[in-house]
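Colleague: Please take a close look at one part of this model for me, the nonpolar core. Set it in the context of the whole chain.

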Amino acid sequence: MTIRTHVLGFPRIGAARELKLALESHWRGELSEADLEATGRQLRARHWAQQRDAGLDYVTVGDFAFYDQVASHIQLLGCEPARFHFAPEQSPLARYFTMARGADTHAAHAGCGHAHHAHAAGTAALEMTKWFDTNYHYLVPELSPQTRFSLACERLLAEVAEAQALGHPVKAALIGPLTFLWLGKEKTPGFDRLALLEQLLPVYGALLDRLKRQGVTWVQLDEPILGLDLPHAWRSAFESTYWQLNQVGVNILLATYFSPLEENLSLTCRLPVAGLHVDGIRAPHELISVTDWLPAHKVLSIGIVDGRNIWRTDLDAALAVLRPLAARRDGHLWLAPSCSLLHVPFSLEAETELDTDIRNWLAFATEKLAEIAILKGALAGHPDDAALAQSRLAVAGRRASPRVHRPQVVQRLQALSPTVDRRDSSFPQRQAMQRARLQLPDFPTTTIGSFPQTPAIRAARASHKRGELASAEYERQMRAEIARAVGRQEALGLDVLVHGEAERNDMVEYFGEQLDGFVFTRHGWVQSYGSRCVKPPVIYGDVQRPAAMTVAWTVHAQSLTNKPMKGMLTGPVTILQWSFVRDDQPRAATALQIALAIRDEVADLETAGIGIIQIDEPALREGLPLRRGQWDAYLDWATRAFRIAACVVGDTTQIHTHMCYAQFNDILPQIAAMDADVITIETSRSDMALLAGFGQFQYPNEIGPGVYDIHSPRIPTTVDMVRLLQKASAVIPPAHLWVNPDCGLKTRGWAETEAALRNMVAAARQMRAA
């Protein structure tokens with residue numbers, strides 16, 4: 001029996017987030033480009049050694065990126081947008097970070113340490129959006145009739161050579177050409193980016209040829225768009241594309257993941273490639289069909305370990321699936337996680353403080369490598385009996401644990417009334433009452449919620465967590481930080497204030513720490529984009545709120561000002577999406593449990609006199625199933641969860657929500673059905689293009705389109721923001737417009753934050769005067 005094992009990708013941030021720390025040091029000008037490259041080499045070598053030591057048959061090369069793998073492909077394929085006006089002497093890495101982070105005339109020291117960085121003066125970064133239905137963000141390729149491709153593969157080939165020099169059998173990994181084009185965005189109206197395929201394919205062919213000449217025998221080409229509802233032209237392009245690439249003579253492993261193939265199944269199995277990887281976690285029902293359709297001489301790689309979640313694999317159940325498939329393929333099978341392990345934390349090894357029972361239920365990236373090896377051994381007739389027995393005990397223990405189930409939570413859900421998700425009055429009636437209460441000017445200014453998390457704030461939190469700083473002193477310091485944030489906002493002239501969230505480590509983690517049914521890791525970091533890492537909570541059981549979570553902080557902030565103070569909460573769908581969610585009940589049930597917990601907090605904030613409450617749902621669009629046929633069911637329960645959380649308040653209390661970094665235009669009716677009084681959205685990177693859909697739809701409630709990109713160190717001018725607000729006023733009634741940044745400001749410094757907000761307030765005043 002020939003069983004081979006591999007991964008589609010591995011976490012690149014390192015066990016101790018070494019990549020994050022090195023990137024941020026480089027951007028501050030403290031670490032040279034050469035030293036940053038050395039960090040990358042060390043991490044790659046370590047991760048390849050881990051794959052080898054776990055018994056994998058191939059190490060995966062090409063999954064490493066200093067910021068984002070799609071941005072790496074933009075450079076690899078020679079299609080950096082011309083608008084950046086890169087100078088020939090700029091290093092590839094400096095150009096890469098400029099595409100990712102934007103630039104202005106003052107940003108040279110923050111980006112790359114080259115004085116000629118100013119060639120890109122005032123240049124906005126590439127747009128950023130979610131990678132399929134994950135919380136990973138990729139940089140969007142800009143495509144136009146003028147786009148040209150050329151082979152610029154030295155970095156990839158150098159990494160292949162690194163792995164080969166260390167004695168590893170290499171499988172190179174790339175984004176497939178059709179998925180790369182699909183992920184891009186046309187910058188010319190009426191242009192079809194699929195038209196670029198003809199000139200892109202020879203570049204891919206040349207790249208495959210270079211890899212073949214370098215001794216690479218297998219190249220993984222990721223085409224996850226095969227799990228989408230593709231237009232006919234895109235489906236039709238696959239056969240000719242892979243016929244052309246197959247002529248190179250290197251073995252292509254076509255990789256799909258995240259979604260069932262459905263109508264694309266037979267097409268995918270017929271493609272002229274040497275092997276096919278399918279997601280056995282998201283599409284287990286298709287495994288027999290794929291086995292039947294895929295010709296016997298081709299490799300079938302089954303993603304049998306969940307690459308998106310952290311629960312230990314039920315190895316007996318996995319073997320029950322694999323054994324008949326292996327028999328039908330005459331023993332020729334590859335085993336892998338379902339997708340790249342980029343989406344799970346690095347290792348459980350550091351989680352020494354985690355509850356022992358719950359720790360036994362989990363498997364991070366390193367442990368998933370071991371699970372793949374155990375499955376291989378069992379299929380090959382060499383079972384690790386001790387490991388299999390340990391797996392059985394853990395799976396059974398979790399299933400029977402009384403800590404998972406809280407009868408009172410289930411009873412409360414069952415007792416909900418049919419009107420629990422409805423406000424008392426229609427929006428126009430509420431709007432009049434809220435305006436009378438709040439007395440805000442036209443184009444009211446506000447922020448999305450968070451202010452800079454300064455070194456002092458982070459140090460105090462870390463010291464408190466270690467037990468070195470008493471709770472009373474920690475609270476005193478946080479109240480002082482809140483007072484400073486309120487004072488700065490008043491000085492800037494903002495109309496609706498926030499407390500700044502000094503006490504919050506993360507917009508999901510903060511709430512999860514105070515809710516039953518959640519548990520937290522110390523080192524379970526996952527890359528979100530660039531150097532941004534998140535530590536998702538683990539929802540292991542039924543969720544409820546034992547006590548108020550934000551009321552005291554918000555009431556303190558309101559006591560410091562006569563201006564309205566927003567209560568800041570994270571919505572139930574975002575808490576669900578940005579956590580590792582239990583897999584033993586439907587996600588909809590868990591979302592409703594969280595919604596009731598947030599509802600209790602909303603009620604307490606209103607009782608405490610807070611007149612504006614923001615319930616952020618940036619992950620609502622991200623949670624959409626990749627297949628449109630499943631959208632309605634998801635949107636029904638997701639928007640109902642939001643309304644259950646929000647609709648406990650009276651008419652004079654204004655409910656806000658915030659969404660960012662996703663395409664919303666195809667779900668605008670459902671966004672409107674959330675019935676938030678005000679929605680704030682990210683729109684600056686798209687130059688307000690996203691807002692056109694809200695205008696065409698005639699979005700009925702108030703809206704705050706973001707007027708500057710908080711992910712870029714570039715400080716926008718008042719002129720920039722007035723121009724964007726004028727564009728917004730052309731599609732949204734000015735009386736319904738708010739003025740705000742794209743997102744929260746926790747990752748920025750105070751100097752740039754105050755400069756940008758000062759310009760933003762000036763822009764709002766100009767709009768009022770006009």
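Modeller: Here is the core, with the chain around it and two local spots afterwards.

Keep in mind that this is a predicted model. The protein chain has 28 helices and 22 strands. Its radius of gyration is 26 Å, close to the 27 Å that the globule rule gives for 770 residues, so the chain is as compact as a globular protein of that length. The C-alpha trace spans about 75 × 65 × 55 Å along its principal axes. Of the 770 residues, 63% are buried. Contacts reach far along the sequence: among those between residues at least 6 apart, 79% join residues at least 24 apart.

Now the core itself. In soluble globular proteins, nonpolar side chains tend to be buried together. The largest nonpolar core here holds 138 residues. Within this core, Trp 131, Phe 149, Phe 180 and Leu 211 touch the most other members. Helix H8 (residues 197-213) gives this core its largest share, eight residues. A second, separate core has 103 residues, including Ala 557, Leu 576, Ala 591 and Leu 620.

Take Trp 131 as the way in. Leaving out residues up to four places away in sequence, Trp 131 touches Gln 69, Val 70, Tyr 136, Tyr 138, Ile 175, Leu 183, Tyr 257, Phe 258 and His 343.

Helix H4 (residues 92-101) shows burial on the scale of one element. H4 is mostly covered, with nine of its 10 residues buried. Among the buried residues are Leu 93, Tyr 96, Phe 97 and Met 99. Arg 95 and Arg 101 are buried in H4 as well. Just after H4, Gly 102 takes a positive phi of about 75°.

Phe 520 offers a loop position to set beside the helix. It lies between strand E13 (516-519) and strand E14 (526-529). Is Phe 520 buried or exposed? Its relative accessibility is 18%, and buried means under 20%, so Phe 520 counts as buried. Beyond residues up to four places away in sequence, Phe 520 touches Leu 354, Glu 509, Gly 512, Glu 513 and Pro 537. The C-alpha atoms of Phe 520 and Val 140 are separated by 32 Å, and the two residues are 380 apart along the chain.

Last, the outside. The protein chain exposes about 27,400 Å², and carbon and sulfur atoms supply 53% of that area. The chain carries 77 positive and 84 negative charges, and their mean positions are 1 Å apart.

Notes
Residues are numbered from 1 along each chain as its sequence is written. This is a predicted model: local features need pLDDT of at least 70, side-chain atom pairs count only at pLDDT 80 or more; totals for chains, interfaces and linings use all residues. Side-chain values use heavy atoms; hydrogens and water are left out. Helices (H or I, at least four residues) and strands (E, at least two) are DSSP runs, numbered from the N terminus. The radius of gyration is taken over C-alpha atoms; the globule rule is 2.2 Å times the number of residues to the power 0.38. Buried means under 20% relative accessible area, exposed over 50%, partly exposed in between (1.4 Å probe, protein chains only). Contact means heavy atoms within 4.5 Å. Accessible areas come from the Shrake-Rupley method with a 1.4 Å probe; for residues, only the protein chains shown count as cover. Lys and Arg count as positive and Asp and Glu as negative; His and the chain ends are not counted. The place of a charge is taken as NZ of Lys, CZ of Arg, CG of Asp or CD of Glu. A nonpolar core is a set of buried Ala, Val, Leu, Ile, Met, Phe, Trp, Tyr and Cys residues joined through side-chain atoms within 4.5 Å.
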